[in-house]
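Biologist: Hi! Could you walk me through this one while we both have it open?
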2 protein chains.
Amino acid sequence: MMTKHAKEMGVLKEHLGKHQLKFTRQRELILDAFLKQEHITAEEMYHQLARKDPHLGLATIYRTLNLFCEAGLAQARHFGTQTQYDNVSHKGHHDHLICTGCGKIVEFENCDIERLQEEVASRNGFTIQTHRLELYGLCSRCRH
Amino acid sequence: MMTKHAKEMGVLKEHLGKHQLKFTRQRELILDAFLKQEHITAEEMYHQLARKDPHLGLATIYRTLNLFCEAGLAQARHFGTQTQYDNVSHKGHHDHLICTGCGKIVEFENCDIERLQEEVASRNGFTIQTHRLELYGLCSRCRH
DNA sequence: TTGAAATTGATAAACCGTCTCAAAAATAAT
DNA sequence: ATTATTTTTGAGACGGTTTATCAATTTCAA
């Protein structure tokens with residue numbers, strides 16, 4: 001059947017080919033599930049995929065999500081005690097406002113900031129591939 | 001001047017007073033060591049202070065750094081697998097341009113970006129305490 | 001089809017940070 | 001000062017998350 005995520009699947013396959021790694025049913029399943037999310041933890045994905053056809057071990061999920069990071073499809077973000085894996089290719093890249101009081105996360109996008117980032121990069125001779133912007137502070141509720 | 005960090009020591013003592021907490025030699029030592037750094041992990045501080053007069057347990061260091069956070073002197077950030085405690089009173093925040101090819105890191109500062117960040121935060125009811133901005137890409141050398 | 005090489009899942013182990021608790025220290029009361 | 005009360009400390013136990021180990025399985029090129 002025709003897969004929904006042909007482009008990302010291609011990116012993965014190219015990365016696998018370049019590193020003598022193999023394309024497996026597990027990696028395909030995990031990528032499919034991953035691309036449906038904006039961000040997810042390994043544990044969450046483990047429970048989501050627990051009942052799928054080939055049973056997926058937690059170790060495999062961790063290994064695969066880390067592989068996605070190396071392939072540029074995902075980005076790891078440590079928050080609280082867990083690691084969030086962000087879907088980089090998710091359209092409309094978003095940044096995070098994180099409340100240091102209660103842990104609430106608000107996603108936002110700001111074109112002006114992105115434009116300035118490009119400016120800073122080119123001034124330094126860089127071409128940006130991706131970025132990470134996290135603002136830490138107190139939400140209105142926690143400030144009081 | 002008696003102590004080098006009189007101002008911060010005052011902030012700490014005020015916080016202690018307000019919460020029925022006690023001023024101890026350990027808290028004094030840890031604050032002194034902390035204020036010399038821009039940021040530090042509990043583990044790093046543990047090794048730094050291992051040979052000091054009163055021996056400091058790792059648990060005490062964690063407890064005290066968290067206390068500093070509550071007093072507004074420090075700010076915890078999850079970086080990699082560990083928690084970085086940032087020295088809030090340390091000014092001159094800088095962001096990073098990171099080359100994914102050779103690992104080169106360029107530091108930069110951009111007031112316009114910072115201003116826009118404040119804007120985004122207040123629009124969402126947040127007060128920013130700190131932030132983290134990393135731009136990943138290829139430097140001029142690696143692009144060719 | 002065959003065989004070398006990589007991957008998988010289960011679980012052990014490592015790691016980080018917090019919790020527990022008896023002993024010690026700091027403050028308040030006498 | 002001395003005593004009483006409360007908090008803090010350090011050592012190690014503990015819990016949750018992530019990585020390492022390894023035999024069995026799967027992939028893929030020849």
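Modeller: Happy to; what follows goes through the fold, the domains, the chain interface and the DNA, and please keep in mind that this is a predicted model.

Biologist: Sounds good. How many helices and strands does chain A have?

Modeller: Chain A has 5 helices and 6 strands. Going along the sequence, they come in the pattern α-α-β-α-α-β-β-β-β-α-β. The C-alpha trace of chain A covers about 50 × 40 × 25 Å along its principal axes.

Biologist: What does the domain assignment give for chain A?

Modeller: Domain 1 covers 6-87 and domain 2 covers 95-137. Taken over C-alpha atoms, the centres of these two domains of chain A are 23 Å apart. Their contact involves 7 residues from domain 1 and 10 residues from domain 2.

Biologist: How much area is buried between those two domains of chain A?

Modeller: About 690 Å², with carbon and sulfur atoms giving 47% of that. On the domain 1 side, Gln75(A), Arg77(A) and Phe79(A) lose the most area to domain 2, and together they make up 71% of what that side buries.

Biologist: And how many salt bridges or polar contacts are there between domain 1 and domain 2 of chain A?

Modeller: The rule finds 0 salt bridges across that interface, while 2 residue pairs are in polar contact. Strand E2 (residues 74-79) of chain A provides the largest share of the domain 1 side, 4 residues. By class, the domain 1 side has 2 nonpolar, 2 polar and 3 charged residues.

Biologist: Okay, switching to the two chains. How many residues of chain A and chain B are in contact?

Modeller: 36 residues of chain B are in contact with 36 residues of chain A. Between them the chains bury about 3,200 Å², and 63% of it is on carbon and sulfur atoms.

Biologist: Why quote an area at all?

Modeller: Because the size of an interface is often given as the accessible area lost when the parts come together.

Biologist: Fair enough. How many salt bridges link chain B and chain A?

Modeller: The rule finds 2 salt bridges there. One of them joins the side chains of Arg132(B) and Glu134(A), at 3.8 Å from N to O. There are also 10 residue pairs in polar contact between the chains.

Biologist: Which elements of chain B supply the side that touches chain A?

Modeller: Those supplying at least two residues each include strand E4 (95-99), helix H5 (111-123) and strand E6 (127-138) of chain B. E6(B) gives the most, with 12 residues. Sorted by class, that side of chain B has 16 nonpolar, 14 polar and 6 charged residues.

Biologist: Now the DNA! Which residues are closest to DNA strand C?

Modeller: 21 residues surround DNA strand C, and the closest are Arg27(A), His55(A), Thr60(A), Tyr62(B) and Thr83(B). Of the atoms of DNA strand C within 4 Å of the protein, sugar and phosphate account for 74%.

Biologist: What does Lys22(A) lie next to on DNA strand C, a base or a phosphate?

Modeller: A polar side-chain atom of Lys22(A) lies 2.9 Å from a base nitrogen of that strand. Arg27(A), by contrast, has a polar side-chain atom 2.6 Å from a phosphate oxygen of DNA strand C. From the other chain, an N or O atom in the side chain of Gln82(B) is 3.3 Å from a phosphate oxygen of DNA strand C.

Biologist: Which element gives the most to the surface near DNA strand C?

Modeller: H4(B), with 4 residues. That surface divides into 6 nonpolar, 10 polar and 5 charged residues.

Biologist: And who is closest to DNA strand D?

Modeller: Tyr62(A), Thr83(A), Lys22(B), His55(B) and Thr60(B), from 21 residues that surround the strand. Sugar and phosphate make up 76% of the atoms of DNA strand D that come within 4 Å of the protein.

Biologist: How does Thr60(B) meet DNA strand D?

Modeller: An N or O atom in the side chain of Thr60(B) is 2.4 Å from a phosphate oxygen of DNA strand D. Gly57(B) uses a polar backbone atom instead, 3.2 Å from a phosphate oxygen. In chain A, a backbone N or O atom of Thr81(A) lies 3.3 Å from a sugar or linking oxygen of DNA strand D.

Biologist: Last one: which element gives the largest share of the surface near DNA strand D?

Modeller: H4(A), with 4 residues. The surface near DNA strand D has 6 nonpolar, 10 polar and 5 charged residues.

Note on methods: Residues are numbered from 1 along each chain as its sequence is written. Chains are lettered from A and ligands numbered from 1 in the order in which they are written. This is a predicted model: local features need pLDDT of at least 70, side-chain atom pairs count only at pLDDT 80 or more; totals for chains, interfaces and linings use all residues. Side-chain values use heavy atoms; hydrogens and water are left out. Domain bounds come from an automatic or database domain assignment. Contact means heavy atoms within 4.5 Å. Buried area is the accessible area (1.4 Å probe) that two parts lose on being put together, summed over both. A salt bridge is a side-chain nitrogen of Lys or Arg within 4 Å of a carboxyl oxygen of Asp or Glu. A polar contact is a pair of N or O atoms within 3.5 Å; within protein, one must be able to donate a hydrogen and the other to accept it, and residues adjacent in sequence count only if both atoms are side-chain atoms. Ala, Val, Leu, Ile, Met, Phe, Trp, Tyr, Cys and Pro count as nonpolar, Asp, Glu, Lys and Arg as charged, and the others, Gly among them, as polar. A residue is near a molecule or strand if one of its heavy atoms lies within 4 Å of it.
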